[in-house]
Amino acid sequence: MKLEDIKIERFYKKVTEPTFQRGYHERIVSTPTNTIGTLRKELVGTIGQERTKGFLLRYGWHAGAADAKKMIDYFGERAEELNWAGPKMHVLHGWTTDIDILINNIDFNDKKLHLEAIWKESYEAEEYRNHFGESDHVVCHTMTGYASGYLSTILGHQVIVVEEECEAKGDARCRCTCRTVEEWGEEIETEREYYEPNSLIRELRLTYDELKVERDNLKKAFDAHELMMNEVHTGKDISSVIQLLNKLVDKPAIYVDKYEKEIVSSAGMDEVLDTNIGLGKEGVDATTLVKFDGCQKLITPVYVQKQVVGYCCLMIDGHDRVKELDQMILERAALTCGSVLLNEKTSLDTKQKIGGDFLEEILTGGISDAELNKRAYYLGFEQLTPFFIMTLDVNASLEVKRKIECNEKIIDQIYFYFEGSRRGKGRKVLVEQKAEKIVVLCYQDTTLQSSSSRGNMLEQLMKYCHQRFKNYPLRGGISSCASSLNDAADIYRESLAALKVTSSKRPIVSYEHLGVEGLLFQLDEDNMMDKMIDKSLGKLLREDKDMELTKTLYYYLKNGCNLQQTARSMNFSVSGLRYRLQRINDVLETKVNNPDISYQLFLALKALIFLGKLEIDMDINLLEEQDI
């Protein structure tokens, strides 16, 4: 039989036709393409696009393989006829009006094949558009499967056909490429899986097994969450939650704050683990697996009021698989930690509001010492005396509204530092914002008896705040100590005076190190200080434009009017120094060696330095002073 003799009726006939012979002809059933399109729509709605694709590919494969066997029966081993019979049968079935062969390379001996063809007016593309509209993927799955099954059968080796262009998705034509699985390589593996027979019942059974595992995991995670919440209800802290997490998953667990500074480990609060959990500056907002050399860290964020405040982390051996149950329990531990921190924040916010109002009453004055002590007791501050005051200021230029908002955030951290952090040692403090500054009243316990110990405590507090607010450096002034709350207003003014003398180089100053000049710095009005400076140094300042004589006078008075010592400290010749001192005496019309005069001049010079009009370090950084 020749190729042109191939007619569909030679192989398929309607059972009602007179020439139909059972055993020789295969019965044909007429089905309109619209019905096939409707069937496809039902399949997609029932089993989804992916399963429908697999079903149509396998259906087409079997149809193509059946036709290939018929062609082999008729043509035998004649390769060329077998090759061209496939496209003709494609057309005879009505799936396409014609096929253009672009590439036709087939080697029956070496089992190699490379074909490319264009299907014209594909019925599948037409019906898909009718029922679904334009597609975002190729849709001629039956035709693709038919070509794959036909070519695989005549070649005796598996061939996979891939449709690369399709009219259903807006392409100008339907174009396919045919190769053996070896020639395709790894890129065909995903497509090849569609030809593997699958059982919906088997899939349902696997799904059931997966759901059962998921149900068991959910129950275990729920039970774990319940155990953790019981810790919260009994007043336990994050340490208890992390230790319980460790027991539940049998893996080391830690909690760190979002700055990776505060750490709680399952091994105990005193054991320091690697706090660098590898988050970088941006952190994470969902559960993330971070891999290191030989180690994995499963990290999930802890939220409080929609803000990430810290992270829970599981340490996993680098060779172990991360279990879904472990992740579920870790995420519930993070929820529990969030509840603990929210409780702490609510408690601190309440204490902060009450404490701030009470501190305002203390600073305002007018209430007896007995009444203040009674109110302190009722508010939970059993002992506040003896005490001292620290006043902090943000060393940055900010608008009033922005500065107030910034101060509020810093106050939150100060309360957390003293009340919720082991670094603050649970000290009793009152904190409020006053005149755009932060005022802290702190109880003086036995560890804060010296000014240097109080300075060290403030330095640690400021470092803690700087880690959280790097763009807002702080300066702080520390008052002396008092034993009566009625002295709070005076003590507060002392802290303000010390704050005035601070600078970027000297961010912490204690009032006790200011000496008698501290009284000068308590002046509320700067013009009073200007008058005192002008009375003592006015003539010199008007004459000494470059301030060299003024600086010389300061160093001379500071060195006790010792000519030799002053010359050494200034790296200046004695003769040159004598000339300058004579010049100063002439301008001021006085003798600077006179004790009464020198004292007034030295006080005015210190005031000048305080106002920033004379750039000299007064050397009063309390951290460099030794307590006597």
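In this predicted model, Leu115 has a bridge partner in strand E6, and that partner is Cys178. The pair belongs to a longer contact between two strands, since E4, which covers residues 112–120, and E6, which covers residues 174–180, are joined by six bridges and run antiparallel.

These two strands are part of a wider arrangement, an open sheet of four strands whose order is E3-E4-E6-E5 and whose pairing is antiparallel. Strand E3 (98–107) and strand E5 (159–165) stand at the edges of this sheet, and because each of them has a single partner strand, one side of each is left without a neighbour in the sheet. On average, and with direction ignored, neighbouring strands of the sheet are turned by 15 degrees against each other. A helix also belongs in this picture, for H2, made of residues 79–92, packs on the sheet and touches both E3 and E4, while its direction makes about 155 degrees with that of E3.

We can now return to Cys178 and ask: how far away is the nearest cysteine sulfur? It belongs to Cys176 and is 4.3 Å away, whereas a disulfide requires two cysteine sulfur atoms within 2.5 Å, and Cys178 is therefore in no disulfide. Cys178 is also buried, with a relative accessible area of 5%.

Cys442 can be read in a similar way, as the nearest cysteine sulfur, that of Cys481, is 9.3 Å away, and Cys442 is in no disulfide. With a relative accessibility of 0%, Cys442 counts as buried. For the model, the count of disulfides comes to zero.

Key
Residues numbered from 1 in each chain as written. Predicted model: local features only at pLDDT ≥ 70, side-chain atom pairs only at ≥ 80, totals over all residues. Heavy atoms only, no water. Pairing = 2+ DSSP bridges. Axes fitted to C-alpha atoms, helices over the stretch in contact; angles between N-to-C directions. Contact = heavy atoms within 4.5 Å. Buried < 20%, exposed > 50% of the residue type's maximum accessible area, 1.4 Å probe, protein only.
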